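Colleague: Got a minute to go through this one with me? I'd like to start with the ligand and then move on to the packing.

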Amino acid sequence: MKVLITGGAGFVGSHLADALVERGEEVRLLDNLDPLAHPSGKPPDHLPPAAELLVGDLRSADDVAAALDGVDRVFHLGGIVGNGESMVNVRKAVDSNPGGTATLLEGVIARRDEVRRIVVASSMVVYGEGSYRCPEHGLLTPGLRPVAQLRERRWNPVCPACGSEMSPVAVREDATLRPVSVYGISKRDTEELALVLGEAYGFEAVALRYLNIYGPRQALGNPYTGVAAIFSARLLAGRSPRVFEDGGQIRDLVHVSDVVAATLAAMDRPEAPGHAFNVATGRRVTVLELAAKLCERLAPELVPEVTGEYRSGDIRHCFAETSLARDLLGFEAGTTLEQGLPELLDWVARQSVEERGEEALEGLRRAGLVG
Ligand code: UD1
């Protein structure tokens with residue numbers, strides 16, 4: 001039987017395809033080559049030749065049926081990525097993520113005698129602002145930072161009960177989901193659709209809440225691509241990285257090779273079905289520290305430019321508990337930023353495509369989503 005990767009021509013999908021081909025699997029990729037991730041409209045050169053590529057759309061029941069033919073396991077990575085993009089193109093995000101997932105799941109339900117397990121890509125953004133501790137009111141899930149607060153350049157979520165500053169806490173999988181962007185909502189729905197339908201129809205479903213993934217093949221041509229790729233590309237073009245808010249935003253950057261390892265474990269491990277797992281390193285870095293690290297490596301004469309601007313839909317801090325994935329998937333992320341960054345920088349330096357962060361910011365500004 002074959003294994004299907006939706007979004008298989010994308011950043012994570014292509015690395016996963018390599019790993020599966022390497023272990024002798026028959027691999028099929030379904031991808032619509034969305035111009036946001038594939039500006040040339042062509043599949044990338046690095047896809048493994050042994051994998052079969054089907055160019056088709058998750059929102060088409062016919063394309064999905066063709067993709068599922070002869071398949072017993074599905075990695076569902078297809079859909080749109082990025083908070084910013086989702087806040088501008090709302091309908092596209094909802095149609096692509098929960099909509100595409102619903103079409104795929106109907107296909108899986110129709111073939112549930114054959115399809116054994118589906119692993120769906122979710123995201124840390126499902127938690128929204130995540131977990132905080134108020135000195136007086138204990139553990140809380142604060143929800144969206146009000147625009148009025150952001151306009152005053154008060155970046156940290158405050159306690160809804162007493163208004164005091166709170167300390168961010170590594171978020172656990174059982175935290176309340178309070179997404180603060182359309183992308184977050186769309187990913188919450190994606191994972192819940194898979195888990196609920198899996199339980200109801202008796203196929204195995206697993207959701208993976210990835211943190212900020214970085215590594216070679218990260219889509220530079222996508223204006224809403226990840227911060228490590230944007231900063232590196234700007235520095236290589238002789239420009240300072242532009243840091244939003246005050247740069248104190250905490251992130252956990254996880255290397256794509258670790259993401260592939262966690263994703264394979266989610267498919268293979270008998271303990272995985274029915275769960276949503278954080279896929280994180282457990283190590284924190286602020287956006288300003290990341291910018292400074294990259295300046296040091298690529299252009300020591302440049303310093304990060306802290307703009308004090310904010311983007312609606314951005315999360316202040318985003319880092320996670322890793323114990324559930326360790327206990328049930330046997331997964332621990334091995335790659336540190338020091339080990340993983342050189343490979344990303346090498347990839348960015350070899351690209352002819354310009355990063356388009358400026359364009360993304362202009363789009364958000366026109367929509368009134370930057371302050
Ligand atoms: C990222 C992913 C999202 C994933 C989530 C999981 C992207 C585009 N988004 O969202 O798909 O679900 O992690 O945790 O990969 N920033 C700057 N300057 C820039 C760009 C960004 O300061 O030029 C800041 C942002 O304000 C934010 C942080 O860097 O605080 C990270 O931004 P970004 O890379 O867009 O990722 P997330 O929003 O964390």
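Colleague: Which residue puts a backbone N or O atom 2.8 Å from an oxygen atom of the ligand?

Modeller: Bear in mind that this is a predicted model. A polar contact needs N or O atoms within 3.5 Å. At 2.8 Å from a ligand oxygen, a backbone N or O atom makes the pair here, and the residue is Phe244.

Colleague: And which residue has a side-chain N or O atom 2.4 Å from an oxygen atom of the ligand?

Modeller: Arg251 has a polar side-chain atom 2.8 Å from a ligand oxygen. The 2.4 Å pair, though, uses a side-chain N or O atom of Ser123.

Colleague: How much of the ligand's accessible area does the protein cover?

Modeller: On its own, the ligand has 730 Å² of accessible area. Around it sit 25 residues, with Tyr224, Val227, Arg242 and Asp314 among the closest. The covered share is 94%.

Colleague: Which element gives the largest share of the shell around the ligand?

Modeller: Two elements give two or more residues each: β11 (242-243) and α7 (227-236). By class, the shell has 14 nonpolar, 7 polar and 4 charged residues. The largest share, 3 residues, comes from α7.

Colleague: On to packing: which helix gives the most to the largest nonpolar core?

Modeller: That core has 55 residues, and Ile5, Phe75, Leu208 and Leu329 touch the most other members. Ile5, for one, is in contact with residues farther than four places away in sequence, including Leu16, Val27 and Leu77. The top contributor, with 8 residues, is helix α8 (residues 256-268).

Colleague: How many residues are in the second, separate core?

Modeller: Phe231, Ala233, Leu345 and Trp347 are among its members. The count for this core is 24 residues.

How values were computed
Residues are numbered from 1 along each chain as its sequence is written. This is a predicted model: local features need pLDDT of at least 70, side-chain atom pairs count only at pLDDT 80 or more; totals for chains, interfaces and linings use all residues. Side-chain values use heavy atoms; hydrogens and water are left out. A nonpolar core is a set of buried Ala, Val, Leu, Ile, Met, Phe, Trp, Tyr and Cys residues joined through side-chain atoms within 4.5 Å. Buried means under 20% relative accessible area, exposed over 50%, partly exposed in between (1.4 Å probe, protein chains only). Helices (H or I, at least four residues) and strands (E, at least two) are DSSP runs, numbered from the N terminus. Contact means heavy atoms within 4.5 Å. A residue is near a molecule or strand if one of its heavy atoms lies within 4 Å of it. A polar contact is a pair of N or O atoms within 3.5 Å; within protein, one must be able to donate a hydrogen and the other to accept it, and residues adjacent in sequence count only if both atoms are side-chain atoms. Accessible areas come from the Shrake-Rupley method with a 1.4 Å probe; for residues, only the protein chains shown count as cover. Ala, Val, Leu, Ile, Met, Phe, Trp, Tyr, Cys and Pro count as nonpolar, Asp, Glu, Lys and Arg as charged, and the others, Gly among them, as polar.
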